[in-house]
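Here is a briefing on one protein chain. Look over the sequence and the model before reading on.

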Amino acid sequence: MKPRAAWPFLAKKAKEKCDQALAALVKGRERIKSLEQSRMKMQALYATYLSRSIEAEKNSLSMHETVNFRGFLQQIQTLIKRVDVDLEHAKFELDVLKGNLVAAEKKRIQMETLHEQDLRRIQEAVIKREQREMDAAGVMRSEEHTSELQSLAYLVCRLLLEKK
């Protein structure tokens with residue numbers, strides 16, 4: 001009896017799925033980290049330009065320059081909001097990727113368990129077959145021994161020995 005070839009193949013495929021899910025999870029975490037860094041840079045840029053705008057208003061800049069500063073600050077705020085939206089989407093995707101990894105791990109464990117069960121079943125079948133062969137050999141030996149005991153020659157020998 002041979003082990004089924006399907007279980008190792010399916011276990012390998014499940015392991016590959018786990019590796020892919022883990023790689024996707026790592027990329028998702030890197031994306032979140034990148035978005036958080038972008039947000040921090042934009043907030044720093046906003047703070048810098050806000051302080052420049054306040055200084056510029058003190059120096060009585062032209063109306064055109066003041067409008068430019070405020071327009072630029074609004075654009076930075078819009079970018080920060082966009083990064084916040086992207087960050088929320090990335091976090092949601094990360095939760096989905098975590099779920100995918102858990103499902104892939106469960107499938108991998110299931111396939112490995114089925115493969116191990118198949119190997120155990122085969123090992124138990126081999127042990128049972130060997131036991132039956134040993135039992136059969138023992139019965140045949142016992143029958144040979146019984147037939148020897150019942151043969152005429154043996155009976156004659158035993159009777160002669162008893163007479164002595």
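The points below cover the fold, then the aromatic pairs, then the salt bridges.

This is a predicted model. The protein chain has three helices and zero strands. Two of those helices, H1 and H2, are linked by side-chain pairs, among them Tyr49 with Phe69 and Arg39 with Asp84.

**Overall fold**

- From the N terminus on, the order of elements is α-α-α.
- Helix H1 covers residues 6–58, and helix H2 covers residues 63–150.
- The chain has 164 residues, of which 18% count as buried.
- About 12900 Å² of the protein chain is exposed. Carbon and sulfur atoms supply 59% of that area.
- Take the contacts with a separation of 6 or more: 84% of them join residues 24 or more positions apart.
- One example of parts distant in sequence meeting in space is Lys107 and Ala14. They are 93 residues apart in sequence, yet their C-alpha atoms are 6.2 Å apart.
- Lys107 belongs to helix H2. Its relative accessible area is 43%, so Lys107 counts as partly exposed.

**Aromatic pairs around Tyr49**

- The count of aromatic pairs is two.
- One of them is Tyr49 with Phe69. The ring centres are 6.4 Å apart, and the planes make an angle of 50 degrees.
- That angle makes the pair tilted, because stacked needs under 30 degrees and edge-to-face needs over 60.
- Tyr49 sits in helix H1 and Phe69 in helix H2, so this pair ties together parts that are 20 residues apart in sequence.
- Phe72 joins Tyr49 and Phe69 in one aromatic cluster.
- Arg52 also meets Tyr49: the charged end of Arg52 sits over the Tyr49 ring, 4.9 Å from the ring centre.
- Is Tyr49 buried or exposed? Neither: Tyr49 is partly exposed, at a relative accessible area of 22%. Buried would mean under 20%, so Tyr49 does not count as buried.

**Salt bridge between helices**

- The whole structure holds eight salt bridges.
- Arg39 and Asp84 form one of them, with the closest N and O atoms 2.2 Å apart.
- This bridge links distant parts of the chain: Arg39 is in helix H1, Asp84 is in helix H2, and 45 residues separate them.
- Both partners are partly exposed: Arg39 has 23% relative accessibility, and Asp84 has 24%.

**Salt bridges within a helix**

- In helix H1, the side chains of Asp19 and Lys15 meet in a salt bridge, 3.2 Å from N to O.
- Asp19 and Lys15 are four residues apart in helix H1, so about one helical turn separates them.
- Asp19 is partly exposed at 39% relative accessibility. Lys15 is partly exposed at 41%.
- Glu133 and Arg129 form another salt bridge, with 4.0 Å between the closest N and O atoms.
- Which spacing separates Glu133 and Arg129 in helix H2? They are four residues apart, which means about one helical turn.
- Glu133 is partly exposed, with a relative accessible area of 48%. Arg129 is partly exposed too, at 40%.
- Elsewhere, Glu105, Arg108 and Glu112 form one network, joined by salt bridges that share partners.

Note on methods. Residues numbered from 1 in each chain as written. Predicted model: local features only at pLDDT ≥ 70, side-chain atom pairs only at ≥ 80, totals over all residues. Heavy atoms only, no water. Phe/Tyr/Trp six-rings, centres within 6.5 Å; stacked < 30°, edge-to-face > 60°. Helix = DSSP H or I, 4+ residues; strand = E, 2+ residues; numbered from the N terminus. Buried < 20%, exposed > 50% of the residue type's maximum accessible area, 1.4 Å probe, protein only. Lys NZ or Arg CZ within 6 Å of the ring centre and 35° of its normal. Contact = heavy atoms within 4.5 Å. Areas by Shrake-Rupley, 256 points an atom, 1.4 Å probe, with all protein chains shown as cover.
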